[in-house]
Structures are given as C-alpha cells and as structure tokens.
Amino acid sequence: MTMIDNLKMAIPAQIRPRLRSAEFSDGRATFIVDVAGLDRPEAEQIQREIEAATAPLDGVNEVRVALMADRVARKIIAVGSGKGGVGKSTLTANLAVALSRAGHKVGVVDADIYGPSQVTLLDPQGQGLEARGNTIVSAQSPHGPRVVSMAHMVEAGKAIAWRGPMVGRALTQMMEADWADTELLLVDLPPGTGDVQLTMLQKFRPAGAVIVSTPQDLALIDVRRAIDLFRQAKVPVAGLVENMAGYACPHCGEISDPFGSGGAEAAAGELGVPFLGRIPLAMDIRAASDGGRPPASGEDENAAPFAAIAGKLAAWLDAEG
Ligand code: ADP
C-alpha cells in the first residue's frame, strides 16, 4: 500500500466519500474535502476527525485539510428600491418562486429592517428558524425558495432602531445561514441607501442588483441614487422592474395605463440600465400576497410577468458568468 492509501484508510469510513483528493509529500498530508450541504460546525468537526485520524501515522509531520464549501459558488442578487412601498418585497418573493419553479435553487434573505415581510409572503405557516450552534438554518417555503428574515430574528418593530454594527451582524448571520444547496440568494434590501446596503456591498459581493420602481417614482432622484450606489461599488445593475404598472381590471382583466405606458423603458434607458419588465397593479396580486399565496406560484395571468422577469434575470446571470 502506498502512503496515500494508508492515509485514506485511516480516515473514518463515513467521511471517506467526501474526500476529493489526498496528497503526500515531505511528511505533509494534504486533503481536499467536499463539505457541501454541511454547516460550519459540522465541516469543522470533519476537519478535526481527519486530522486526528491521520496525524499519528508514521511519517506524517503535518496535516492540511482544505474544506470545499460549495461546488457551485452561491450568487447574490440584491433587490433595491429608491423608496418604500413600491413592491420590492413582493417582487423579491415572487421572483424567487418563479426562479425555483424554473428549476433554480433559490433563497431569500429578508434584510428589510423597516418592514420584513418575507415570512408572511413565503412561509406564513412556518415554524420559525432552527439553529445549529451559531448557525441559523434557513426555512423551507412550501413555494420553493428557502428563506431567512429579520422577522425571524427580532420581535416585530424592534429592528427599526438598529444602527450600523447590529444591522451588520444580523445581515451577516442571515447571509451565512445554512442555505443547504441554494445556488442563488435574492436579498430584499431596505429602501434607500443605508447601513444594510453598505454592509452588503462591503462584505458580500452581489453578482448584480435589481431595482424596483413604480411608474410615478421612476423620475425621482431616489431611483438614481439607488442605482448609483451599486454602480459606485462596481456591482452591475441587472435591470429595472416597473411594478404597479398599469391597472389590471378585476372584472375583465384588461390593463389600462393611468400613468401612460412605455415610460419605464425610456427611464431605464436614460438611467443606463436594462429594462427587465413590468408587473401590473392588480388586486389579485395584493390579495394573494397577503394570504401567503405568492401569485408567481399560481397558474393564472398574475404568474406570467414574474416568470418572464425571472427568465430575463436568469439569462442575465448566465451571460455574466
Ligand atoms: P416594499 O417592499 O417596496 O415596501 P411591498 O412589496 O411590501 O413593498 O408592497 C407594498 C404593498 O403593495 C403590499 O400590500 C403589496 O401586496 C402591494 N403590492 C405590491 N405589488 C403590487 C401589485 N403589482 N399589484 C397590487 N398590489 C401590489
């Protein structure tokens, strides 16, 4: 048996399937171990067991264990808006549902400290979060995405008074939760350009940002500011979504445009960002959302615009590499 065989045999049988490579030279054993799907304490436990099992072998002076956390690097999309109440949370939840229906493994981080609503939108019957050691475990929404929310972490209304470091810690805990095999995290940011945004940009590099606006807010300086924040941080803006665009008549379904149509595409052009699509203002969208039935999970006409935007976002991510 070679030294490498000896080393492999010394590793506990239940850990061996996770071994991706083993090398030995000059008294140093180096292992690469796949710990995908495990949380950090579990991964560290495996690391210790490998060290304990191989270090005593004759000829071994040093053991190095590299943990390969994710085979697929998890991508982050930040969802922002210039101001509150434009439907950013609604869009985030339904984009996540539409993306998971299309086969993507998606998680939602609800970082909207002023109005965390993702639990209501995605998992109203849920049991809250489990924790393993210091790691919180994301909840599985029956509609597909996994979710962790500020609402899981603090009493209703309390987080609003938070500033800098507390907000940063809470965001970090959510981002570093156990997300199982999630490949894409959508982060529902608070409106504007505050502490959460800064921590997000400094600590976790989003692959891109989606900006949500209503037709009447498009021209406002707030939207431009939200876009500029990402630009300055060199986070590409995947595009602008126009929400509550046109009014879908609850009786006949016909869409009328009290604010005129086509303005959002023009505005996106002026702002220099792609246009991802529009979601009509529809009573059903609000009613279904309030009832914990994301419209994107249904089969009616309210699911289609979310699916279309999800498709564009997925294509954008693919193109970005
Ligand atoms: P934000 O996250 O920007 O503060 P929300 O997603 O919480 O906004 O939406 C604010 C309110 O508007 C919610 O009651 C939501 O159900 C409703 N809403 C959002 N988008 C639509 C839409 N397209 N049609 C009808 N109601 C909507």
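**Exercise 1. Locate P17 and decide whether P17 is buried or exposed.**

Solution. P17 sits in the loop that links α1 (3–10) to β1 (19–25). The model is a predicted one, and the answer comes from counting neighbours in it. Within 10 Å of P17 there are 7 other C-beta atoms. A residue counts as exposed at 12 or fewer, so P17 is exposed. A further step looks at the fold around this loop: D34 is 17 residues away from P17 in sequence, and the two C-alpha atoms are 8.8 Å apart.

**Exercise 2. Describe the overall make-up of the protein.**

Solution. Start with the secondary structure: the protein has 11 helices and 14 strands. Next take the extent: along the principal axes, the C-alpha atoms fill a box of roughly 80 × 40 × 40 Å. Then take burial: of the 321 residues, 40% are buried. Last, take contacts between residues at least 6 apart in sequence: 75% of them join residues at least 24 apart.

**Exercise 3. Check the length of helix α6 and find where its buried residues lie.**

Solution. Helix α6 covers residues 164–175, which is 12 residues. At 1.5 Å a residue, counted for one less than the number of residues, the expected span is 16 Å. The end C-alpha atoms of α6 are 16 Å apart, so the two values agree. The buried residues of this helix are V167, L171, M174 and M175. Viewed down the axis of α6, they fall within an arc of 95°, and therefore line one face of the helix. The cover over these residues includes β5 (106–110), β9 (146–149) and α7 (195–203).

**Exercise 4. Is V196 buried or exposed, and which residues does V196 touch?**

Solution. V196 belongs to helix α7. It has 26 other C-beta atoms within 10 Å; the threshold for burial is 20 or more, so V196 is buried. Leaving out residues up to four places away in sequence, V196 touches A111, I113, V167, L171, L189 and P190. Two of these, V167 and L171, are among the buried residues of α6. The C-alpha atom of V196 is also 6.6 Å from that of G168, which is 28 residues away along the chain.

**Exercise 5. Identify the nonpolar cores.**

Solution. The largest nonpolar core has 70 residues. Those with the most contacts inside it are V79, L95, A111, L186, V187, V210 and I211. A second core, separate from that one, has 10 residues, including A29, F31, L38 and I46. To see how V187 is packed, set aside residues up to four places away in sequence: V187 touches I76, A78, V79, V109, A111 and M200.

**Exercise 6. Characterise the shell around the ligand.**

Solution. There are 19 residues around the ligand, and G87, K88, S89, T90 and R286 come nearest. Two or more residues each are given by α3 (88–101), β12 (237–248), β14 (275–281) and α10 (283–290). The largest share, 4 residues, comes from α10. By type, the shell divides into 6 nonpolar, 10 polar and 3 charged residues.

**Exercise 7. What is the phi of D26 and of K234, and where do these residues lie?**

Solution. Most residues other than glycine have a negative phi. Phi of D26 is near 50°, a positive value, and phi of K234 is near 60°, also positive. D26 lies in the loop between β1 and β2 (28–34), and K234 in the loop between α8 (221–232) and β12. D26 has 7 C-beta neighbours inside 10 Å and counts as exposed. K234 has 8 other C-beta atoms within 10 Å and is exposed.

Conventions
Residues numbered from 1 in each chain as written. Predicted model: local features only at pLDDT ≥ 70, side-chain atom pairs only at ≥ 80, totals over all residues. Near = placed C-beta within 6 Å. Nonpolar A, V, L, I, M, F, W, Y, C, P; charged D, E, K, R; others polar. Arc of directions from axis to C-beta. Contact = placed C-beta atoms within 7 Å. Core = buried A, V, L, I, M, F, W, Y, C linked by C-beta atoms within 7 Å.
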